[in-house]
Amino acid sequence: MSLEDHLKKLICHHGPLSVARFMSEALGHPQYGYYRKQDPLGRQGDFITAPEISQMFGELVGIWCASEWQRMGNPDNIALVELGPGRGTLMQDLLRGTRHIKGFHESLSVYMVETSPVLTAIQQNNLAAYNNIFWYEHFNAVPDVPLLLVANEFFDALPVHQYSKTDKGWCEQMVSLDQNEHLAFSLSPNLASAAIDTRHGDAPQGAVLEICPAGLSLFSEICQHIYTHGGAALVADYGYCEYGYKDTLQAVKNHHFHPLLEDVGDADLTAHVDFTALTAVAKKAGLRLYPPATQRDFLLAMGIEQRTSQLMQKASDAQKKQILSACERLICETQMGTLFKVLAVTGE
Ligand code: SAH
């Protein structure tokens with residue numbers, strides 16, 4: 001059976017699926033889910049991420065972590081957690097880049113939160129040189145100690161519900177079957193909850209609202225952990241700070257956009273992250289927060305220009321070209337610089 005057959009069977013038995021259920025089956029089904037069966041990253045894969053573009057990304061996130069550790073007064077037992085660590089490249093660069101900071105590594109236990117067996121095996125291989133690294137499928141297994149958490153392109157993979165504003169009000173977008181028994185989008189005839197109408201009553205007809213309960217409740221757990229035990233979290237992703245009321249759900253295969261309902265389970269599915277909603281969660285949990293920065297501003301503040309010049313000093317001409325183009329890709333406004341945002345929240 002394929003994932004598509006599985007989805008059709010679900011729809012036949014239980015009726016149309018919410019977009020969130022569709023997304024979680026497509027990405028996370030234990031047997032057929034996209035993230036469960038392959039390594040999606042890199043040139044050979046479907047997409048490339050900041051840590052895969054340049055070692056500088058992980059190194060600079062490492063500087064942020066180490067400075068947060070110092071701000072906390074150098075605690076001697078902390079959990080460094082990465083959500084959705086891909087190939088483990090960010091963690092490798094982070095650990096290598098911070099190895100000279102006195103006492104930092106000795107204080108760390110590292111927890112990789114990953115559900116993909118394929119990527120877990122790659123991470124374990126890439127991080128074989130380090131001790132004290134543990135793999136979990138859920139954040140809630142992390143012990144009750146101060147936390148440093150990083151998540152790059154993780155929240156965009158969590159399932160979103162989609163609602164459309166019709167002339168009757170907000171209706172949920174569903175995945176159902178058309179007359180030819182093919183997967184097709186349709187709108188639920190029922191009106192969505194009144195809470196949506198209260199908060200988004202002014203949105204024009206045709207507006208699309210995306211809500212990610214899985215992301216919000218996980219982030220709330222993280223913020224409560226930080227409030228109680230201390231720490232800081234850094235979330236980097238492509239996303240927005242103001243509601244554009246746009247449909248941002250997209251499928252990507254072989255580095256190109258792909259029709260959403262084709263090759264399900266063999267194409268990546270993501271939705272832009274709602275940074276305003278994440279910020280509200282942190283505020284409610286009583287954390288100190290900084291308005292989300294663009295990836296460009298974050299990396300410039302962490303010293304990407306200085307690190308670029310440093311790396312260039314020992315590089316060949318070909319490497320120099322590569323280092324410069326990677327830096328540009330990460331910070332340039334027309335590339336990842338402004339579409340990607342970085343949210344930092346900290347305890348007291
Ligand atoms: N952070 C990496 C990889 C991003 S791809 C990078 O920047 O290169 C998304 C990652 O999240 C993958 O490792 C995927 O397996 C993982 N993932 C997706 N859904 C998850 C879930 N619900 N729980 C834990 N990990 C998940």
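This briefing covers one strand and its partners, a small sheet, a buried lysine, two helix packings and two loop residues. The model is predicted. Strand β7 (residues 170-177) has seven of its eight residues buried, so the rest of the structure largely encloses it. Strands β1, β6 and β8 each pair with β7 in the antiparallel sense. Elsewhere, K341 in strand β17 is buried, and helix α13 packs against α5 and against α14.

**Strand β7 and its partners**

- Why is β7 described as largely enclosed by the rest of the structure? Seven of the eight residues in the run 170-177 are buried, that is, each has under 20% relative accessible area.
- Strand β1 (residues 17-18) runs antiparallel to β7, and two bridges join them. S18 has M174 of β7 as its bridge partner.
- Strand β6 (residues 161-165) is joined to β7 by three bridges, again antiparallel. In this pairing W170 of β7 is set opposite K165.
- β6 and β7 make a hairpin with four residues between the strands. G169, in that hairpin, has a positive phi near 140°.
- Strand β8 (residues 183-191) pairs with β7 over six bridges, in the antiparallel sense. Two of the opposed residue pairs are C171 with L191 of β8 and Q173 with L187 of β8.
- The hairpin of β7 and β8 has five residues between the strands. E181, in its turn, takes a positive phi of about 65°.
- In a regular strand, side chains alternate between the two faces of the sheet.

**The sheet of β12, β11 and β13**

- This open sheet has three strands in the order β12-β11-β13, with antiparallel pairing. At its edges are β12 (256-258) and β13 (268-270), each of which pairs on one side only.
- On average, neighbouring strands in the sheet are turned by 40° against each other, with direction ignored.
- Three bridges connect strand β11 (residues 250-253) to β12 in the antiparallel sense. V252 faces F257 of β12 across this pairing.

**K341 in strand β17**

- K341 belongs to strand β17, which spans residues 340-346.
- Is K341 buried or exposed? K341 is buried, because its relative accessible area of 13% falls under the 20% cut-off.
- Leaving aside residues up to four places away in sequence, K341 touches V235, A236, D237, G239, C241, F275, A293, T294 and Q295.
- F275, one of these contacts, is 66 residues from K341 along the chain, with 8.0 Å between the two C-alpha atoms.
- A polar atom in the K341 side chain is 2.9 Å from the backbone oxygen of T338.

**Helix α13 and its two partners**

- Two packed helices are described by the angle and the distance between their axes.
- Helix α5 (residues 55-71) and helix α13 (residues 304-313) have axes that come within 11 Å and cross at roughly 130°. The two helices are therefore oblique to each other.
- The crossing of α5 and α13 is right-handed. Q55, M56, E59 and L60 on the α5 side meet I304, R307, T308 and L311 on the α13 side.
- Between α13 and helix α14 (residues 317-331), the axes come within 9 Å and cross at roughly 170°. This makes the pair roughly antiparallel, because the angle is over 145 degrees.
- α13 and α14 also cross in the right-handed sense. From α13, I304, T308, L311 and M312 make the contact; from α14, K320, I323, L324, C327, L330 and I331 do so.
- I304, T308 and L311 of α13 appear in the contact with α5 and again in the contact with α14.

**Loop residues with positive phi**

- N132 is a residue other than glycine with a positive phi, near 65°. N132 sits in the loop between α8 (117-126) and β4 (133-136).
- With a relative accessible area of 38%, N132 is partly exposed.
- Y245, also not a glycine, has a positive phi of about 50°. Its loop lies between β10 (231-240) and β11.
- Y245 counts as partly exposed at 22% relative accessibility, because buried residues have under 20% and exposed ones over 50%.

Note on methods. Residues numbered from 1 in each chain as written. Predicted model: local features only at pLDDT ≥ 70, side-chain atom pairs only at ≥ 80, totals over all residues. Heavy atoms only, no water. Buried < 20%, exposed > 50% of the residue type's maximum accessible area, 1.4 Å probe, protein only. Pairing = 2+ DSSP bridges. Contact = heavy atoms within 4.5 Å. Polar contact = N/O pair within 3.5 Å; in protein donor to acceptor, adjacent residues only side chain to side chain. Axes fitted to C-alpha atoms, helices over the stretch in contact; angles between N-to-C directions. Parallel < 35°, antiparallel > 145°, perpendicular 65-115°, else oblique. Left-handed = near helix turned anticlockwise from the far one by under 90°.
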